[in-house]
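Ready for some practice with a protein model? Take a look at the picture, then work through the exercises one step at a time.

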Amino acid sequence: MPLGYQDSYQRVRAYLRDKCTSPQPVTARPPTPRTVAGWILRRPDTLTETEQLQLKAVRTHCPEIDALTSHVRSFATMLTARLPDWLDAVRQDDLPSLHTLAAGIGRDRDAVIAGLTQPWSSGAVEGHVNWIEMFKRQMYGRASFSLPRKRLLLAS
């Protein structure tokens with residue numbers, strides 16, 4: 001009694017040809033979380049039309065991201081447009097820790113508003129300053145100024 005497939009080779013070949021050549025559904029690669037976060041955190045008017053459509057699709061498919069986007073944008077509006085009202089409301093309440101925060105923001109109000117509304121960032125400069133200060137702490141008390149200076153110059 002023979003074992004194996006009893007039908008013809010041509011039938012197997014036709015079956016496999018149909019399976020191998022059938023088009024696979026093309027699906028778009030979903031955006032990365034970092035990309036979506038960038039879309040949410042940027043001003044809506046700075047997004048390109050394609051980015052706006054992609055964000056709209058993400059918001060449609062995920063109610064949590066839709067709610068998050070709404071909250072982030074309302075928070076940004078509150079910070080930029082209603083900051084004086086918020087500062088006045090905090091000053092009227094009996095919350096000393098928030099009074100300190102409100103006083104600090106009030107002293108640097110123009111700088112705070114510029115930091116929230118302008119596209120420029122001092123992050124790179126702050127990173128370099130942080131690196132140099134860490135470098136100083138590592139060398140503290142170990143040598144005169146000449147050794148850290150040489151090490152700093154060689155590292156950069």
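**Exercise 1: the largest pocket**

Work out what volume the largest pocket has and which residues line it.

Step 1. The largest pocket has a volume of about 460 Å³. A pocket is an open set of points on a 1 Å grid over the protein atoms alone, where a 1.4 Å probe fits, with protein on both sides within 12 Å along at least five of seven lines. Its volume is the space filled by probe spheres set on the points, which are joined across faces, edges and corners.

Step 2. There are 17 lining residues, and L41, R42, R43, A76 and L116 are the closest to the centre. Lining residues have an atom within 4 Å of a point.

Step 3. Now for the elements: α2 (33-41), α4 (63-81) and α7 (109-117) each give two or more residues to this lining. The largest share, seven residues, comes from α4. Helices here are DSSP runs (H or I, at least four residues), numbered from the N terminus.

Step 4. Sorted by class, the lining has nine nonpolar, five polar and three charged residues. Ala, Val, Leu, Ile, Met, Phe, Trp, Tyr, Cys and Pro count as nonpolar, Asp, Glu, Lys and Arg as charged, and the others, Gly among them, as polar.

A quick note on the model: it is predicted, so local features need pLDDT of at least 70 and side-chain atom pairs count only at pLDDT 80 or more, while totals for chains, interfaces and linings use all residues. Residues are numbered from 1 along each chain as its sequence is written, and side-chain values use heavy atoms, leaving out hydrogens and water.

**Exercise 2: two helices that meet**

Describe how α5 and α6 cross.

Step 1. The axes of α5 (residues 83-92) and α6 (residues 96-107) come within 9 Å and cross at roughly 145°. Axes are lines fitted to C-alpha atoms, for helices over the stretch in contact, and angles run from 0 to 180 degrees between N-to-C directions.

Step 2. Next, who touches whom? From α5 come L83, W86, L87, V90 and R91, and from α6 come L98, H99, L101, A102, I105 and G106. Contact means heavy atoms within 4.5 Å.

Step 3. Eight of these contact residues are nonpolar, two polar and one charged.

**Exercise 3: buried or partly exposed?**

Decide how E51 and T80 should be classed.

Step 1. E51 sits in helix α3 (residues 49-61). E51 counts as buried because its relative accessibility is 18%, and buried means under 20% relative accessible area, exposed over 50%, partly exposed in between (1.4 Å probe, protein chains only).

Step 2. T80, in helix α4, is at 33% relative accessibility, so T80 counts as partly exposed.
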